[in-house]
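This report describes a structure of two chains, beginning with their overall make-up and ending with the reliability of the coordinates. Please consult the sequence and the coordinates alongside the text.

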Amino acid sequence: MRPQLRCQVPEGELTLPKFYDTVQTLAQVVPVEYFVPGCPPVKEQTEAVLQAVMEGRLPAPGSVVGASDRTVCYDCTRIKEDKRIRGFYRPYEIVPDSSRCLLEQGIICAGPATRGGCGAPCLSVNMPCRGCYGPPPNVVDQGGKLLSALASIIDSQDPEEIERVADAIPDLLGTCYLFGLPASLLRRVRQDRKAFPAGVTGELAREQGDLAVMTQRVP
Amino acid sequence: MSIDPTSEAIPTERRITIDPITRLEGHGRIEIFLDQEGDVENAYFQVPELRGFEKFCEGRPVEDLAIITPRICGVCPEAHHMASTKALDAVFKVDPPPVAKKLRELLYSAFYVADHATHFYALSGPDFVVGPDASPAERNIIGLVHKVGLEIGGEVLKHLELCHDVVAMIGGKYIHPVCGLPGGVSKPITEEDRVKIEEIGRSAVEFGKLSLKILDDVVLANKAYVDMIVGDTFTHKTYYMGLVDANNKVNFYDGMLRVVDPEGKEFAKFAPSEYLEHIAEHVEPWTYLKFPYLKKLGWKGLVDGKDSGVYRVAPLARLNAADGMATPLAQAEYERMYSTLGGKPVHATLAMHWARLIELLHAAERMVELATDPEITNPNVRTIPSATPGEGIGVVEAPRGVLIHHYHADERGVARKINLIVGTAHNYAGIAMSIKKASQGLIKKGAVVTEGLLNRIEMAFRAYDPCLACATHSLPGQMPLIVSIYDAEGKMVQRLRRG
């Protein structure tokens, strides 16, 4: 037996709502006056927004409020040096140095592709940013931005090595688009992956290929 | 679920629809059918949503489930984070260092104080403290603060904040913490943190005592309330399930699952990893939520009693299923509750609120115990997993009851199959029965349904601590609730609206 949209019980009929095949963002369904990013927003930012409402200091409708205009990296106090890595690690595989940039230690951190203002609380307990504040200003596609940041720090020109490095993370696409896939250019993951640039291999390359293909389709 | 309050849907049944009901995890809808005499023939509690977490987590790095599953709920994300982290320990076959387990439990205890306080003061408290017949404009946390005084109101808010600070100190974020990893936690605490946490814990113990005193003064001293609590309208004789420690005392973080029968005798006791031998799930076509039941007794429908497989979880169930509390002040309160209500087990659903405050006190005492543990600042908080990943089950007591996370991962540590049974699901049958019984007890001969009457029906499910959406959506008392009442000819005779 499965749940049914319409079901007769002895006393009458009961109904259940049907499901859509697409996940939409709030703004795709209703007009949104202001966007307060974060899953959830930190309390300091919530306070700041309420304060702004009470004092009538809100910017133009449609604006993002309760966040900074920079990335999480600006909130993060870790030492940032040379971002050249030869391998990715999953967070449980190593104990990273708590004073240095996690990306430089091979842990995927969404900081460079995520809007700041949260104060980087995840980094404060030695865990990476996962992107819950969404893309920074002027970035439409957060996951694409993160993928491109990751691709740029892999210290290799050898396709096979790049493939090996990227394959350390299963579902790299899901990792990069953990938040906000419905708001991305990608929108959804296609089941069949055919077209990707010739000569590029590996999971990362395939997904970048997907991204490129999908991006071209969006006017 | 949104309803257009101005829409005039053509009624086709003698029915009362409460839709949406809020202040529970997700969405709910109550359909009440009246017979020719205007009495309640039947009431259905539908859950018209499906979130799909079990499906869309497939294919993800399994350790990400500790980050994704807390998003099931903004009120009890810590419970999902803990159950998930424990399931990950099992998936990777890794035993975290003792201090890591203690830090998890410390975070969890602080969360419990805040969560139980939220429920008592913001959700259920207004019904009792302000009164079930008060108007919704007063029957909310603001009205409650008005009644108990600003000073106590300040204590409530202060402790909510302090306990969330503890969650953030250990977990990074105070909602959706991120510290849990297979094999431990991501960061040790410093002596400075420890001192702060101990101080907060001691303050929380006083707050727990104060909360019980408010219950005494406002609820237990009022005979009408006590009569309502112990009355038949809010009573169901069911089985009860809860986590217990090695001494059969209540434990929120770890232990064995124990089930007692409606007479209070032990019916089963098993390791959480064996849950599938004891729990099965029944599907009804009119709802998206499944009904868990005790496998050995089978599904007999939405009925209580010793022959029915229906069991209940959450505070009162935990106390019923255990032999006592593991901390001294909570134990004294435990004994007082059972001696006042006539011994174990207590079947009065509304006594859940009393049990919840005893648990709040227990969690506060546990915070102090853990914060003063000599090894709590030990920096060795991680064991790096080395085994090939596989299957793992993690169970904790969420404030709303037994929470089970069950993962299958492949050899690369990718999630392939996920099963989650949350507290509200275990209680689904109980909630559905409570709503039906309360409706039958309160709506007679088609009498006009007043706000107060409606609220008493809601109290039947609110006792189970349905998660609130208030933190992010609306203030308590502004519940977007619409009830339409139709007579036997299908004509609408009354429409009540809140919000």
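What percentage of the contacts in chain B with a separation of 6 or more is accounted for by residues 24 or more positions apart? In this predicted model, such residues account for 70% of those contacts in chain B. The corresponding share in chain A is 58%.

**Overall make-up**

The table sets out the two chains.

| Chain | Residues | Buried residues | Helices | Strands |
|---|---|---|---|---|
| Chain A | 219 residues | 36% buried | 8 helices | 2 strands |
| Chain B | 499 residues | 58% buried | 15 helices | 16 strands |

Along the sequence of chain A, the pattern is β-β-α-α-α-α-α-α-α-α. One helix of chain A illustrates how burial is distributed around an axis. In helix α6 (residues 159-167) of chain A, the residues A:Ile162, A:Val165 and A:Ala166 are buried. These residues lie on the same side of α6(A), because they cover an arc of only 95 degrees around the axis.

**A three-stranded sheet in chain B**

An open sheet of 3 strands is found in chain B, in the order β12-β13-β14, with antiparallel pairing. Strands β12 (391-398) and β14 of chain B occupy the edges and have a single partner strand each, so one side of each is left without a neighbour in the sheet. From one strand to the next, the twist averages 15 degrees. Helix α3 (residues 77-91) of chain B packs on this sheet and touches β12 and β13 of chain B. The direction of α3 makes about 150 degrees with that of β12(B).

The pairing of β13 with β14 can be followed residue by residue. Strand β13 (residues 401-409) and strand β14 (residues 415-421) of chain B run antiparallel and are joined by 6 bridges. Within this pair, B:His408 stands opposite B:Lys417 of β14(B), while B:Ala409 has B:Ala415 in β14(B) as its bridge partner. The two strands β13(B) and β14(B) form a hairpin, with 5 residues between them. In the turn, B:Gly413 has a positive phi of about 75 degrees.

**The contact between the chains**

Which elements of chain A supply at least two residues each to the side that touches chain B? The contact as a whole takes 31 residues from chain A and 40 residues from chain B. On the side of chain A that touches chain B, β1 (6-9), β2 (12-15), α4 and α7 (172-176) of chain A each supply at least two residues. Of the elements, α4(A) gives the most to this side, with 3 residues. By residue type, the side of chain A that touches chain B divides into 18 nonpolar, 7 polar and 6 charged residues.

**Confidence in chain A**

The mean pLDDT of chain A is 85, and 85% of its residues reach 70 or more. Confidence in chain A is highest in helix α4 (residues 121-124), at a mean of 98. Helix α4(A) is also the element that gives the most to the side of chain A that touches chain B. Confidence in chain A is lowest in helix α8 (residues 202-217), at a mean of 40. Over residues 191-219 of chain A, pLDDT stays under 50. For residues 191-219 of chain A, the model has 40 contacts beyond four places in sequence. Where pLDDT is low, the predicted coordinates should not be read in detail.

Notes:
Residues are numbered from 1 along each chain as its sequence is written. Chains are lettered from A and ligands numbered from 1 in the order in which they are written. This is a predicted model: local features need pLDDT of at least 70, side-chain atom pairs count only at pLDDT 80 or more; totals for chains, interfaces and linings use all residues. pLDDT is the predictor's confidence in each residue, from 0 to 100. Helices (H or I, at least four residues) and strands (E, at least two) are DSSP runs, numbered from the N terminus. Two residues are in contact if their C-beta atoms, placed from the backbone, lie within 7 Å. Two strands pair if DSSP finds at least two bridges between them. Ala, Val, Leu, Ile, Met, Phe, Trp, Tyr, Cys and Pro count as nonpolar, Asp, Glu, Lys and Arg as charged, and the others, Gly among them, as polar. A residue is buried if 20 or more other C-beta atoms lie within 10 Å of its own, exposed if 12 or fewer, and partly exposed in between; C-beta atoms are placed from the backbone. Axes are lines fitted to C-alpha atoms, for helices over the stretch in contact, and angles run from 0 to 180 degrees between N-to-C directions. The arc is that of the directions from the helix axis to the C-beta atoms.
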